[in-house]
Amino acid sequence: MATVKKWHYGMLFLLLGYTFIFGLLGEVPQLPILGQTIRGLYFHVPMWFGMVTLFFFSFLYAIFFLRTKKTFWDRKAYAFAQVGMLYGILGLLTGMLWAKFTWGKYWSGDPKQNSAAVCLLIYSAYFLLRFSFTSHIQLQAKMNSVYSILAFFMSILLLFILPRLTDSLHPGNGGNPGFNVYDLDGSLRWIFYPAIIGWIWWGIIMANMIHRYLNLKHQLLYTYEN
Amino acid sequence: MKINKYIYFFLYSLLLLHTTNVSSMNNHTSVVDDFFYQSGKIYVVITMLVIILLGCLIFMFFLDKKIRQLEKKIQQSYEKKTHH
């Protein structure tokens, strides 16, 4: 069982502290419409990177379950999907706020916005599926693991392939340049990469906590009472 | 007939959405918009950060609630075992 060790918190403190301080105070390129919101690169973008990474872990643990038939892995997949969903919702909310002050509307039906919302809806079906089979642990785990594999591939398709095929306002999609074009001296990158690692780190810590909780609950319900 | 509180919440959010649409139709920038547009829209970034941190806090709050329920259950089953 993956317990959270002291150095994990130390790393988290270093990475996110660095992100907060230098992300808010560091030098950024001055651009007309973006203004200071280019700093959203350190807070909004890592949410999506984090979501995809956590969903990828969830997908891996689903495969582990299907190979070993141990519900331990299914619970781990469930925990990672929960935190991935949280990151996705936060990414969508921060993105909507950013869109209001750069594109003019909270929701303009941009392909990237729509496909991100569809991706979250697909993953919300994962949780619905889970709550519909609460009396059969093995069946629940099997259904969920198979669905998780499908959902992960759909999320890749929706987030990285479809928005690039059409016109999109989102940076890095549909003919729009990504932030790497503005990052001439590489100063954004020095904060962007630690920010991504830091947010993913926090997500994994939270997911492991939930996994420990789910394991305890399982032990209580299936060994204590029987 | 008792109306669910979620329906109230939904109606209230519709009302809010409607009022914000009206204010944008009049082409008057609101006080909130002025606040967000000042000093290079830095408050957009600050609000993003607040949304993320509050989201994680609420998530932790629900996890804490679930753990508390589990603790209660353990306590109950322990008491059941000691009584019999």
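The following legends describe close-up views of a predicted model with chains A and B.

**Figure 1. Overall composition of the two chains in the predicted model.** Chain A contains six helices and zero strands, and its pattern along the sequence reads α-α-α-α-α-α. Chain A has 226 residues, of which 50% count as buried. Chain B is made up of two helices and zero strands. Of the 84 residues of chain B, 18% count as buried. The accessible surface of chain B amounts to about 7,100 Å², and carbon and sulfur atoms account for 68% of that area.

**Figure 2. Confidence of the prediction along chain A.** The mean pLDDT of chain A is 88, and 92% of the residues of chain A reach 70 or more. Confidence in chain A is highest in helix α2 (residues 45-68), at a mean of 95. It is lowest in helix α6 (residues 189-224) of chain A, where the mean is 89.

**Figure 3. A buried salt bridge between A:D74 and A:R130.** Two salt bridges are counted over all chains, and one of them joins the side chains of A:D74 and A:R130, with 3.1 Å from N to O. This pair connects distant parts of the chain: A:D74 belongs to helix α3 (residues 71-102) of chain A and A:R130 to helix α4 (residues 111-131) of chain A, with their positions 56 residues apart in the numbering. Both A:D74 and A:R130 are buried, because each has under 20% relative accessible area. A:R130 has a further contact in this view, as A:R130 lies over the face of A:Y78, at 4.0 Å from the ring centre. A:R130 thus takes part in a salt bridge with A:D74 and also sits over the ring of A:Y78.

**Figure 4. A salt bridge within one helix of chain B, between B:R68 and B:D64.** The side chains of B:R68 and B:D64 meet at 2.6 Å, N to O. Both residues lie in helix α2 (residues 31-83) of chain B; because they are four residues apart, about one helical turn separates them. B:R68 has 44% relative accessibility and therefore counts as partly exposed. B:D64 has a relative accessible area of 39%, so B:D64 is partly exposed as well. In the salt bridge of chain A, by contrast, A:D74 and A:R130 are both buried.

**Figure 5. A cluster of aromatic rings in chain A.** Over all chains, the structure holds 26 aromatic pairs. One of these, between A:F57 and A:F80, is tilted, with 5.4 Å centre to centre and 45° between the planes. The pair links distant parts of the chain, since A:F57 is in helix α2 of chain A and A:F80 is in helix α3 of chain A, 23 residues apart. A:F57 counts as partly exposed at 24% relative accessibility, whereas A:F80 is buried, with a relative accessible area of 2%. In a second pair, the rings of A:F64 and A:W73 have centres 5.0 Å apart and planes at 80°, so this pair is edge-to-face. A:F64 is partly exposed, with a relative accessible area of 36%, and A:W73 is also partly exposed, at 23%. Ring pairs join these four residues with A:Y61 and A:F72 into a cluster.

**Figure 6. The loop residue A:K69 and its positive phi.** A:K69 lies in the loop between α2 and α3 of chain A. Most residues other than glycine have a negative phi. The phi of A:K69, however, is positive, at a value near 60°. A:K69 has a relative accessible area of 39% and is therefore partly exposed.

**Figure 7. A nonpolar surface patch on chain A.** The patch covers about 610 Å² and is made by A:L150, A:M154, A:L157, A:F160, A:I161, A:L162 and A:L165. One of these residues, A:L165, lies in helix α5 (residues 137-165) of chain A. A:L165 has 65% relative accessibility and so counts as exposed, the cut-off for that class being over 50%.

Key. Residues numbered from 1 in each chain as written. Chains lettered and ligands numbered in written order. Heavy atoms only, no water. Salt bridge = Lys/Arg side-chain N within 4 Å of Asp/Glu carboxyl O. Buried < 20%, exposed > 50% of the residue type's maximum accessible area, 1.4 Å probe, protein only. Patch = residues over 30% accessible without salt bridge, like charges linked within 9 Å, V, L, I, M, F, W, Y side chains within 5 Å. Areas by Shrake-Rupley, 256 points an atom, 1.4 Å probe, with all protein chains shown as cover. pLDDT = per-residue confidence, 0-100. Phe/Tyr/Trp six-rings, centres within 6.5 Å; stacked < 30°, edge-to-face > 60°. Lys NZ or Arg CZ within 6 Å of the ring centre and 35° of its normal.
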